[in-house]
Every structure is written in C-alpha cells, then in structure tokens.
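Hi everyone, thanks for making time for this. I'd like to walk you through a structure on the screen, and please keep it open while I talk.

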Amino acid sequence: MKVTDTIKRSGRNLRAAKLRTLLTALAISVGGFTLTVTLAASAGAHMYTNNLVKANFDPKAVFVAKDKNYFSNSNGDTPQAYTSDLATGRGGTLQKELTSQDITKIKALPHVTQVLPTYNLSAQFVTRPDSTAKYTGSINVYDSAQKPSIKAGQLPDDLTNGEVLLPDAYLKPLKFSSAQAALGQSVVIQVRQLSGKTLAKTYGVVAVTTKSSLSLDFNAVGPYVSADEAGQLNSFINGGTVLANLVPTAIVRADSTLSADQLKAEITKAGFQARTAQDLEQFIGQIVNVLGVIIAVFGLITLVASFFGVVNTQYISVLERTREIGLMKALGMSRRTVSRLFMIEATWIGFIGAALGAGIAIIAGTLLNPWISKKINFGNQHLLIFKPAQIIALIIFLMLITTIAGLLPARKAAKLDPIEALRTE
Amino acid sequence: MYGKKDNAFSALKSVSFKVPDKASLAIIGKSGSGKSTLMHIIGGLDHPTEGEVIVNGQSLEKLKRKAMDKFRANDLGFVFQSFFVEGNQTTYQNVALPLEIAEVSVRKRKQIVREALEQVELSDKINSKAKNLSGGQKQRLAIARAIVNTPKLIMADEPTGNLDSATGDKIVDLLFDLQKKTGSMLVMVTHDSDLAARCDIQISLKDGEIVSVKEKGSKKADLSTSVEMTSGRLADKVKVQG
C-alpha cells in the first residue's frame, strides 16, 4: 500500500472515531499549549531583557569597578585583607573603590574618550526658592549617551553646571502646574556633610524627565546634574573623609576604533573589573532561561501523561478493530503497512493535539498580551512572542512523540493472526 | 493442528483432490469438519502442520511473508459469511481497499471500482456508508471487493449464511455469473447442500477427511494423486496435503 493511501486511510479511521480522536488529541494539546506558551514567554522575556538592557545600558559603554566582588554576588565569608582603597564609611560590605588616581589611569588608556564616575549622592532635600516644600532625592549624573525619556523641554548634549533635569515625580510636590510650567524655573538642591554643614545650590530646569516602562530604578528618584557638578557636590558632602577620593563605579567609553569587548579587555588588563551591556544581558538572560526550563519541564511532564494516553487509546483501537485488521491482512496487506497505518494514526493525533494546543495558546496569548503587559509593566512590549519556526518545530516534536507512542499498539496490530482476527465477532 | 499438548487435534487429516480449469468447487461439511481450515490453507491464511500448498510450482509454505501478501493481494478474493465490510466507510472506500493494497493508481482505481460495482449492481450506492446498506447489499459489496482485483481464485466462506433465502439465491446467482464471466475459480465453503449442488464439484468433509465427491458435467475431480487444483488462468496447481 502506498504511503499516501495509508495516510488517507488512517485519517479516515480517525474521523470515524471523532470523539476519541479529539479527546486523545486534547491530552496532547495540554502539553502543546504549555510548551508553546513557554517558548513564547521565553522569547518575549529575552526580547524584553534585550530592550531593557538597551534602554538602560549603552552598548558601547563599559561599567568599571575595582573590587572583584562587585559584579559577582559573593560577599565572601572570610574577612578581606585591608587595603587603603577599601571604602570604609559607606557601610555594608567593604569593597575596594576607584580612587581619583584610578580614574586618571583609566582616562589615560588608549582610545578612552570618557570616564563618567557614578557617585551615589543623596540630596538633603530638593525644593524651590522661597518654598517650604522640601523633598528628598538622589543626585544622578546625566549621561548624554543614555538619555532619559522627557516630558517637556529639550535634552541638551551635555548639562552645564547650574542646569538640572527634573523628574516629573517632583512636579506636584514642588507645586508646578505642569511639566511645561517647570521649564526655566529654579530648583534648589541642598546637600549636607556628615559634620552637619550644608550647601544649597540653585539650578535652572532645562527639561522634565519621565520614567519609561523600560527604565530600571538603580537610584532613587532625583534630579540629574552634570558630571562635573556631581563631582563638586561629592567633594562637599564627603569632603575631609576617605570617600572624597573614591567612587564605587564608573562608566567608560572609547572612540569607535574599540568595541565594548575590546575596551573591556583593555580595562581588565589595567587591573579593574569591567562589564559590558552584553554581559549584563547574558546574566539576566540566564535567569530567564532557568525560569523557561522550569516551565518547560512541567510541559514535558504533561507530555509523558499524554504519551501513555496515546498508547492506551491506540491499543484499545487495535483491539476494537481486530476484525478489520484481520480483513486487511487477508486481503494481502503487509505487516509493515498495518503497522504504518496505526503509527500514522498516532502521528495524526499528535498533529491535531499539537496544532490545537499551539492554536489555543496563540489565540489566548494574542488576546491576553495587552492585559499581561499592563499587569507586569511591560509597556508596549508583549510578554508572549510566538515564533512560527519554533511552533512548527514543536508540532513536529509532538508528532514524533505520539508516533513513538503508537509504536507498541502498531506492532500488536501487525502481529495479529488474520484467522484469529477474522473469528472475532 | 490446533490446541496445545493433550488438547491438540488435527482439523484436517488426509485431503487430496484435483480440480480442473475454471471449475467451481464446494467444500461441504458440518461445523468442525475442517472445511474452513481447508479454505484458510488454500487462501494462505493458515499453514498446515504437515503437507504443503503449491502455487506456480512454489510451495506456499516456503513463500516469504511479502510474497504471500502479494499472492493474497493479486490472486485471491475473499467473501465472508458476515460480510466484513467497514460500516463507517463508503461503498467506494470498501471496494477500493484491495486496489490500495495492490498499489493501483488512484485514477485506475476509480474506474475499476465503478466497473466492479456495476457488476454487482451497486453503482447507485457508491458514496453510501456501508453500514446503511441492507444485508444483501453488503454481501454484494463484499463480492465487488472480492472481484475488484480480478483474482484467479474467489474464496467464499458461507456467502449466504447471514442472508434470507431469496437474497441468498440472488447472491449465489451473482457469484456463479461472475465466475463464468471472469473465468476465475470459485471455492465455496458451505453446509447448504442446495447451494453446493450448483457447483461443478462437491467435496464433503467429515472429521478432516473426504467422505464423498460429487461431480456434474464434464468437470471431474481426480482423487488418484495428491491434492491439486488447477485453473486456466491460474495455470498452476494448488496442492493441499493434510
């Protein structure tokens, strides 16, 4: 019997037992659904982390720290040997930080164009001239290569001293009627030394920033000032202490002749710890992968259950159709064809189940995507991204699984003795 | 040989006959006489524990499974007492099965099936589900299925057993008609003596042995040697020794 005729005949046999076919296929479809959703969520999460990293980390930039524990999470169970560059005074785990000599050293590396220290500064309060409304805030360094989203005004290439970007979260507390109204107005940032001495500086608002769904909260909300201005504030706040000379991390950029990886290699060679945006992406990607694997395992477990479902159904089907099998063999159908007929039925069940599961997953996913995105703050991004190639591969995989499940019943059918089979009434 | 150890018994003991060309042969006997076993052995469905069946000078016992399948697909047609039609399939699909097994192309198949259905006067039921047919129609369908591959040998196992006498007579007329038209050999297993009387040769079995042979017309059975059946189109011997 030709394979095409076998496929047609097995399809017809399945149609003759629609309900049973559908129920068995439904068992497979649970696995198909779970795996489709897993693949889609995994694809979506990867894309999201990609975008997240892209939005928050300049791919050309390298993040530099001094302590080898900075980028790993091991805080160490044994005490560290003391060195003068340990940042005593910040509390928490003591880590080596970048000294001004280190910054100079990095700046002197070939092709390095920019070294942007991150200071971790907090304002005592943020206010407006002649206002009693005082609010806390961190002092963030404006990185022109990593522009925040804006609500009003224009982002300059670089801030000059005396200019500030105000997050929209301050509009209401500081009693600005709108983002537009805040432009050109003055805000006062007051900082305080450990000794209690304070310094208040007045800045003009050049733009109002807003938080995008992709921005990560590394720092508490607070106004952006220029790197130079932040340096001056740091000198005042930490003046007279060891911290005046230390910064936890710095962002380093090179000219176009060096890729981020090459720059990272250079900086590592100079004795510092460095990470590129890609490194971070991989790190987050790993977490996403682990989560994906966990869900996929559940999907595979449901597959095991449905595997035996198919074995069972096909086995019963063979028993029910003993007479038919006997007839086919009496008419000269070969063992191989009888076996193939039942195997292909199982393959069909796999196809129907997989297509059903994937189809439901795609429809439900597409409908629910906006709601999910809203719930988990994904912004315009969708959590579930269905890739046709993945879904086709999944369907083929499930067809393979059910074909294997059909193996045993098919063998049973092939081995039936036609006379015995024909005696069955 | 059936059963195991103490329960073992031989369905057939010593069966020898020779049937001339294009003859119709009735194997008659009560249940348990071994008539079905003899037919199964001739049809290559069963294997004798001793002796052999020879086709084209080739022992069926020595045929590889594939060659046996081919023999059944190309040279044999079966008609059963309980029809064995697939109720959920259409008349066309039922009749097309032997052609599918013999790997006949779809276009040829359609034509051949139509012709076969015309012969049994079921053309108008070509697309009906087999389960919606009457008993007589089902058996006519089964006959169409048996002749669709123009077999050299048509095997009919109690073809009228499940039919009322009027319908049964029509079916038998049809079988003999087709046998004459196609020049096939007809081997019929029955316990109905009226039906058996219509065959050229009647062989009665009892407890696995031939008890009598009746012949009519020019066609004679030869019991002198070992069992042989010849058909003009088969042009070979089918030899059964039990």
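**A walk through the two chains**

Let me begin in chain B, where B:Ser204 stands opposite B:Ser212 in β9(B). Before I go on, please keep in mind that this is a predicted model.

That serine pair belongs to a ladder of 6 bridges between β8(B) and strand β9, residues 209-215 of chain B, with the two strands running antiparallel. Together β8(B) and β9(B) make a hairpin with 2 residues between them. If you like backbone torsions, look at the turn: B:Asp207 has a positive phi of about 50 degrees.

Now, what does β8(B) pair with besides β9(B)? Strand β2 of chain B, residues 24-28, is joined to β8(B), residues 201-206, by 4 bridges, and these two run parallel. In that ladder B:Ile27 faces B:Ile203 of β8(B).

Let's put those strands into their sheet. In what order do the 6 strands of this open sheet in chain B come? The order is β5-β6-β7-β2-β8-β9, and the pairing is mixed. Because β5 (76-79) and β9 of chain B stand at the edges with a single partner strand each, one side of each has no neighbour in the sheet. From one strand to the next, the twist averages 15 degrees.

At the β5 edge, β5(B) pairs with strand β6 of chain B, residues 153-157, in the parallel sense over 4 bridges. Here B:Leu76 is opposite B:Leu153 in β6(B). Helix α1 of chain B, residues 35-42, packs on this sheet and touches β2, β6, β7 (185-190) and β8 of chain B. The direction of α1(B) makes about 150 degrees with that of β7(B).

A quick reminder while we are on sheets: strands pair through backbone hydrogen bonds, either parallel or antiparallel.

Over to chain A. It has 11 helices and 13 strands. Its radius of gyration is 33 Å, well over the 22 Å that the globule rule gives for 425 residues, so chain A is more spread out than a compact globule. Taken along the principal axes, the C-alpha atoms of chain A fill a box of roughly 105 × 55 × 40 Å. Of its 425 residues, 40% count as buried. For those of you who think in contact maps: among the contacts in chain A with a separation of 6 or more, 81% come from residues 24 or more positions apart.

Chain A has an open sheet of 4 strands in the order β3-β12-β1-β13, paired antiparallel. Its edges are β3 (112-118) and β13 (273-276) of chain A, each with a single partner strand, so each has one side without a neighbour in the sheet. Ignoring direction, neighbouring strands here are turned by 25 degrees against each other on average.

Strand β1 of chain A, residues 62-65, pairs with β13(A) over 4 bridges in the antiparallel sense. What is the bridge partner of A:Phe63 in β13(A)? The partner is A:Arg275.

Two helices lie across this sheet. Helix α3 of chain A, residues 100-107, crosses β1, β3 and β12 (249-254) of chain A, at about 155 degrees to β3(A). Helix α6 of chain A, residues 260-269, lies across β1, β12 and β13 of chain A and runs at about 175 degrees to β13(A).

One residue to click on is A:Thr209, which lies in strand β9 of chain A, residues 198-210. Is A:Thr209 buried or exposed? A:Thr209 has 26 C-beta neighbours inside 10 Å, so A:Thr209 counts as buried. Leaving aside neighbours within four places in sequence, its contacts include A:Pro148, A:Ile150, A:Leu165 and A:Asp168.

Next, a helix pair. Helix α9 (residues 335-375) and helix α10 (residues 388-415) of chain A pack at an angle of about 145 degrees, with their axes 6 Å apart. Their crossing is right-handed. The residues in the contact of α9(A) with α10(A) divide into 21 nonpolar, 7 polar and 3 charged.

Finally, where the chains meet: the contact takes 17 residues from chain A and 20 residues from chain B. On the chain A side, the elements giving two or more residues are α1 (3-16), α8 (322-330) and α11 (418-423) of chain A. The largest share on that side, 4 residues, comes from α8(A). The chain A residues touching chain B divide into 8 nonpolar, 2 polar and 7 charged.

That's my tour, so over to you for discussion.

Methods:
Residues numbered from 1 in each chain as written. Chains lettered and ligands numbered in written order. Predicted model: local features only at pLDDT ≥ 70, side-chain atom pairs only at ≥ 80, totals over all residues. Contact = placed C-beta atoms within 7 Å. Nonpolar A, V, L, I, M, F, W, Y, C, P; charged D, E, K, R; others polar. Rg over C-alpha atoms; globule rule 2.2 N^0.38 Å. Buried ≥ 20, exposed ≤ 12 C-beta atoms within 10 Å, placed from the backbone. Pairing = 2+ DSSP bridges. Axes fitted to C-alpha atoms, helices over the stretch in contact; angles between N-to-C directions. Left-handed = near helix turned anticlockwise from the far one by under 90°.
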